[in-house]
There are 2 protein chains.
Amino acid sequence: MSTSFRPHRSGDLHFLKRLNRSAILELIRRSPGLTRADIATHAQLTKATVGTGVQSLLKQGWLREGELQKSSGGRPGRALHLDEQHFAILGAEVGVHGLRLVACTLSGQVLASHHERLSPSSPEMTAELLANLLQTLTQSPALEGYCLLGIGVALPGPVAPKDAVLRMAPNLGWKDVRFLDLLRHHLPQQDGAWLMDNEAKSAAFGEFYFRTGQVPDSLVYVSAGTGIGSGMIEGNQPLLSRGFQGLAGEIGHTVLQPGGLYCHCGNRGCAETLVSGWSIRAALGISEEEGLIEALQPRMHEESVQLTLRRAGEALGILLLNLHHTQNPSELVLGGSLVQLGAPLLDPALSYFAAHQNRLLGTTQQTPLRVIEDSTFVAARGAAAQVLASVIHGPSDLI
Amino acid sequence: MSTSFRPHRSGDLHFLKRLNRSAILELIRRSPGLTRADIATHAQLTKATVGTGVQSLLKQGWLREGELQKSSGGRPGRALHLDEQHFAILGAEVGVHGLRLVACTLSGQVLASHHERLSPSSPEMTAELLANLLQTLTQSPALEGYCLLGIGVALPGPVAPKDAVLRMAPNLGWKDVRFLDLLRHHLPQQDGAWLMDNEAKSAAFGEFYFRTGQVPDSLVYVSAGTGIGSGMIEGNQPLLSRGFQGLAGEIGHTVLQPGGLYCHCGNRGCAETLVSGWSIRAALGISEEEGLIEALQPRMHEESVQLTLRRAGEALGILLLNLHHTQNPSELVLGGSLVQLGAPLLDPALSYFAAHQNRLLGTTQQTPLRVIEDSTFVAARGAAAQVLASVIHGPSDLI
DNA sequence: GCCACTTAGTAAATAGATAAAACTAAGAGG
DNA sequence: CCTCTTAGTTTTATCTATTTACTAAGTGGC
């Protein structure tokens, strides 16, 4: 159960100042080119408050002034943009088949990236390798002159909400790993904000946070790879929920087929027994050593492959529908390596979801579902987004 | 899809004052008897700020001073409590088989209640009847001298998140009903805060908000009645998510049995086809007119009844497990009329959940699950709790 | 009983934030 | 060139929390 004594938010004048500065920064982040006057309108602050806030954000290197706007019968305003040349954030994903690293700007633009294929190894060795790769990345010429805000790490398993422990990673064979501590041991000089989260949650956050213009009210990211995970973001909140034990979003272990096949977790009929990298491998006799996509490419015409993928796709469709009826996000995003299997898997999933989602309400309004073809760096970039948000909204002295 | 332009929170000095006042009030609400000094410690405010805040809350009728605390070598502090004699809140639930009304104090203590059995009728007639019953309730002697903060209404169906529309209530035969507007038409003189929500969400909120002492980090309430719904509250937030179309928590329509029985929503294999008041009636040939519990009581020994309830219970267990793997609350609460069916339904559910919940993490930590035997007024009281929270944290001038 | 010590709570002065009002800047349009 | 409009800054005012000093009210040692 739990239940620390967590009072409601209170604050002093400094807190208020920070709140308003971050609101200004978020507005410009979402809508580059806003003027001070626009911000005053949208944030419900006075011109004076916005003026001083913007001034300090300019000085601190968060913003830069842009061109004059077109006038419509008055003094033209000056556009404000994020300063893309001052701060950068590091993000990394520890995946079952390799490490992915990115460095990106405040807007999420990738300055440098690296993808290192490797087989699962111990937490310690993985942390050491990742530390070295991060060290190399920070020295890349693209990062010259940037000030690093921190490091975010996405991991393939549930992460406990408070104490930064990876509870387990079945496909890596890890259990109760304090990965950040291991990493920090090899990167002692790197300061700033450090955090880690489940990869689907990092990905969800990044897909939400780095979007500009129209932003959905809520978004669920479904990560379909060796396992199936999900993350939800809602209400423009800078943090996203991990659940009590870090199990929030573990939709791969929701039961879809009572009495069905045994899952590696010991339960029967988990969604992952129907749709996941490992269950497809098991069904089609593909070893861990082979790449799933590469192994299946030449066998796509086989009937057993088509049938397996169709069944997996239907299960994925059910998962999407169940998310619709539990979280009901205003947008769904589907990523992960299984997406590369293409139509044989995705068509049944998408058509099941499209056909069933409106039955209950009897409407025709479809929840938009976006499929990310290449999600290689999505989780790593999302982890960087989480770091950025924690700096902007947390107790940092950089803002 | 959606996506209004929703900026991050900003605020002025008045907002800050309100924020601190509500933090103080929430602390005392959760831990009656705290002194000003305790509050200063917990809320991280100075003694002076707490002092002036408490003073104004005393004057406005939110708080009252209590006894002196025991001294431990210094001036004893004075205990602060909610003023239980000044404000009251009305809550109502429109159920399939009747109306439930409560009036409660700031701590959730029920001052007066009423349960009116009736069969489904039109929204207009129901609203008129409820208005009359509320009117009567407000004139009950127990409410003498109380100042009413507002009215909350819980409804048996998805409520759209923004525009206060009951999207549908399958078991009432309603669709797109602006119930508050109908109700207000018959209660024009009643002012204060008005709101409505889905009954499971109201119940979830009330079970969380009116608890004192140790409070769970998150809580999911599962309402098992004619249909199955759920609501989740998390992170001490004063509001709870309805999802984009109001479908969040509609776990009764998650698919548990692909290709299973047809549900009234038109899909197949929804959880409600396995466990719900209507599916149990259908399976055992019990008409809408009879009370389900009353009809089953004498038939409990029949094998078909036992089998039906066992199967329903297993499905309920799967639902609980799936919630565990999607939301992962730190506490589960099970309520609704089906609870009255007792062990034949509950035992399979609870034992399934207990046996399967720890498989993934391999721990022995059990998520506490509380079964509410009599949840008659839980949703109505929860709706009142929502009103109270909206007054405390909203833009009211009462605080 | 006296006195040092401790903690609770209040009062007055101070600091720091946003707001309000006045002002300057800069363009459109007649 | 003048008026009107909008953007942004400066100055002043207001408001809130903090700081500091103080009063209140206990404990415990002597």
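**Two protein chains on two DNA strands**

Let's begin with DNA strand D: of the 26 residues around it, Lys47(A), Gly74(A), Arg75(A), Arg78(A) and Thr49(B) come nearest, where near means that a heavy atom of the residue lies within 4 Å of the strand. Of the strand D atoms that come within 4 Å of the protein, sugar and phosphate make up 65%. Before going on, note that this is a predicted model, in which local features need pLDDT of at least 70, side-chain atom pairs count only at pLDDT 80 or more, and totals for chains, interfaces and linings use all residues. Residues are numbered from 1 along each chain as its sequence is written, chains are lettered from A and ligands numbered from 1 in the order in which they are written, and side-chain values use heavy atoms, with hydrogens and water left out.

Now for some polar contacts (pairs of N or O atoms within 3.5 Å). Lys47(A) goes for a base: a polar side-chain atom of this residue lies 2.7 Å from a base oxygen of DNA strand D. Arg78(A) uses a backbone N or O atom instead, 2.6 Å from a phosphate oxygen of strand D. From the other chain, Asn20(B) places a polar side-chain atom 3.0 Å from a phosphate oxygen of strand D. The elements giving two or more residues to this surface are helix H2 (36-43) and H3 of chain A, plus helix H1 (13-30) and H3 of chain B; helices here are DSSP runs of H or I with at least four residues, numbered from the N terminus. H1(B) supplies the largest share, four residues.

Over on DNA strand C, there are again 26 surrounding residues, with Arg75(A), Lys47(B), Gly74(B), Arg75(B) and Arg78(B) the closest. Sugar and phosphate account for 70% of the strand C atoms within 4 Å of the protein. Gly73(A) reaches a base here, with a backbone N or O atom 3.4 Å from a base nitrogen of strand C. Arg36(B) has a backbone N or O atom 3.2 Å from a phosphate oxygen of the strand. On this surface the largest share, four residues, comes from H1(A).

So how do the two protein chains relate? Chain A can be laid on chain B with an RMSD of 0.1 Å by a turn of 180° and a shift of 0.0 Å along the axis, superposing by least squares on C-alpha atoms of residues with pLDDT of at least 70 in both. The two copies are thus related as by a two-fold rotation axis. In chain A, Leu256(A) has the C-alpha nearest that axis, at 2.5 Å.

Methods: A polar contact is a pair of N or O atoms within 3.5 Å; within protein, one must be able to donate a hydrogen and the other to accept it, and residues adjacent in sequence count only if both atoms are side-chain atoms.
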